[in-house]
Protein chains: 2
Amino acid sequence: MLTIGKLAHETGVKVPTIRYYEQIGLLPEPDRSAGNQRLYDGAHRDRLRFVRHARELGFPLDAIRDLLSLSDRPEASCAAADGIVREQLHAVRERIARLQALEEELARMIAQGCHGTIADCRVIEVLGDHALCAHDHAGGD
Amino acid sequence: MLTIGKLAHETGVKVPTIRYYEQIGLLPEPDRSAGNQRLYDGAHRDRLRFVRHARELGFPLDAIRDLLSLSDRPEASCAAADGIVREQLHAVRERIARLQALEEELARMIAQGCHGTIADCRVIEVLGDHALCAHDHAGGD
DNA sequence: CTAATCTCTCTAGCAACTATAGCTTCAAGA
DNA sequence: TCTTGAAGCTATAGTTGCTAGAGAGATTAG
């Protein structure tokens, strides 16, 4: 049986985060010791590792909740899980594209350089006037 | 003179967001009409456009605050502004690298495919066991 | 003059935690 | 057995950058 601290150590998830996951229903409420402390077993650890790994891959908690409930039903269809992952891949690719546009723009700003004072600083000038930008890097997070 | 709604329209920043920026001290408190409504002028509009543009480029509000206070002192050195932008470029590049690692891993998961039920779903299996991953895509946001 | 649209303040909510306060329980050494 | 220090408990508030709502007052078009 694991205390919350040991579970945290074994999984790399911080103690308050574990309690948080329990609170929002991502992890089941574990049994308690006589002194009211949480006691975990191997199944809890596996589930928490699953959550952590999915978080590392950028899945939002809601998606993880869905994936967990799928993994609880081994005979369910795999299509749903596949769909969730595809969705995530799509989101990641979009974020990459957006960030690459930003990267280019920032690099351009720096390349134009600053000479001495703010008064003739291209960086500040570009920030003040979007028309000086090479591309559209507009909204839509 | 612009009402807040017109300023919002001209800059593409939503009304509550403008009030929020004022509240956190990014924008100065404008004069008010007899009926207590905010009245803006061209200088306000320029400043708000600056903020919006910097936000689009991903700068956090704290960095924008620094950039604004620099741009208020035209005779100040440009090095600080340059540093802030370089920092942001660095942050963007790191996020891109991280996301590209995720992209690869997600694509791999999908390529391995799901055949029928969750029970033999590679996607769920990989999520449950980090050792099945090709790379480290560990923490550090 | 009235109706429709703005605008005002204030509060609460989103994701996904993190930090703090003030308390209790547990494990190990003297 | 006692004591001390670490680890655990609950509950609340803070983080970032907004967004949404309630309920009231202001302004403007017809």
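Of the 18 residues around DNA strand C, those that come nearest are A:Y21, A:R55, B:T3, B:R19 and B:R38, where a residue is near a molecule or strand if one of its heavy atoms lies within 4 Å of it. This is a predicted model, in which local features need pLDDT of at least 70 and side-chain atom pairs count only at pLDDT 80 or more, while totals for chains, interfaces and linings use all residues. Residues are numbered from 1 along each chain as its sequence is written, chains are lettered from A and ligands numbered from 1 in the order in which they are written, and side-chain values use heavy atoms, with hydrogens and water left out.

**DNA strand C**

- Of the atoms of DNA strand C within 4 Å of the protein, 90% belong to sugar or phosphate, and the rest belong to bases.
- Two threonines place a polar side-chain atom beside a phosphate oxygen of this strand, with A:T17 at 2.9 Å and B:T3 at 2.8 Å; a polar contact is a pair of N or O atoms within 3.5 Å, and within protein one atom must be able to donate a hydrogen and the other to accept it, while residues adjacent in sequence count only if both atoms are side-chain atoms.
- The elements that give two or more residues to the surface near DNA strand C are α2 (15-23) of chain A and α1 (4-11) of chain B, where helices (H or I, at least four residues) and strands (E, at least two) are DSSP runs numbered from the N terminus.
- The backbone takes part as well, since a polar backbone atom of A:L61 is 3.1 Å from a phosphate oxygen of DNA strand C.
- With 3 residues, α2(A) gives the most to the surface near DNA strand C.
- Sorted by class, that surface has 5 nonpolar, 8 polar and 5 charged residues, given that Ala, Val, Leu, Ile, Met, Phe, Trp, Tyr, Cys and Pro count as nonpolar, Asp, Glu, Lys and Arg as charged, and the others, Gly among them, as polar.

**DNA strand D**

- DNA strand D is surrounded by 18 residues, of which the closest are A:G5, A:R19, A:R38, B:T17 and B:R55.
- Among the atoms of DNA strand D within 4 Å of the protein, sugar or phosphate accounts for 89%, and bases make up the rest.
- A polar backbone atom of A:G5 is 2.6 Å from a phosphate oxygen of DNA strand D, and backbone N or O atoms of B:G35 and B:L61 lie 3.3 Å and 3.5 Å from phosphate oxygens of this strand.
- Two or more residues of the surface near DNA strand D come from each of α1 (4-11) of chain A and α2 (15-23) of chain B, and the largest share, 3 residues, comes from α2(B).
- By class, the surface near DNA strand D has 5 nonpolar, 8 polar and 5 charged residues.

**Where chain A meets chain B**

- The contact (heavy atoms within 4.5 Å) takes 54 residues from chain A and 53 residues from chain B.
- The two chains bury about 4,500 Å² between them, with 76% of it on carbon and sulfur atoms; buried area is the accessible area (1.4 Å probe) that two parts lose on being put together, summed over both.
- Of the area that chain B buries against chain A, 15% is supplied by B:I110, B:I118 and B:L127, which is more than any other three residues supply.
- Between the chains there are 2 salt bridges, each a side-chain nitrogen of Lys or Arg within 4 Å of a carboxyl oxygen of Asp or Glu, and one of them joins the side chains of A:R93 and B:E103 (2.8 Å, N to O).
- There are also 16 residue pairs in polar contact between chain B and chain A, with both residues at pLDDT 80 or more.
- On the side of chain B that touches chain A, two or more residues come from each of α3 (42-56), α4 (61-71), α5 (79-112) and α6 (122-128) of chain B, and α5(B) gives the most, with 20 residues.
- The residues on that side of chain B divide into 30 nonpolar, 11 polar and 12 charged.

**Individual loop residues**

- A:G58 is found in the loop between α3 (42-56) and α4 (61-71) of chain A, and leaving aside its neighbours within four places in sequence, A:G58 is in contact with A:Q88 and B:L102.
- A:N36 has a phi near 75°, a positive value in a residue other than glycine, and is found in the loop between β1 (31-32) and β2 (38-39) of chain A.
- Most residues other than glycine have a negative phi.
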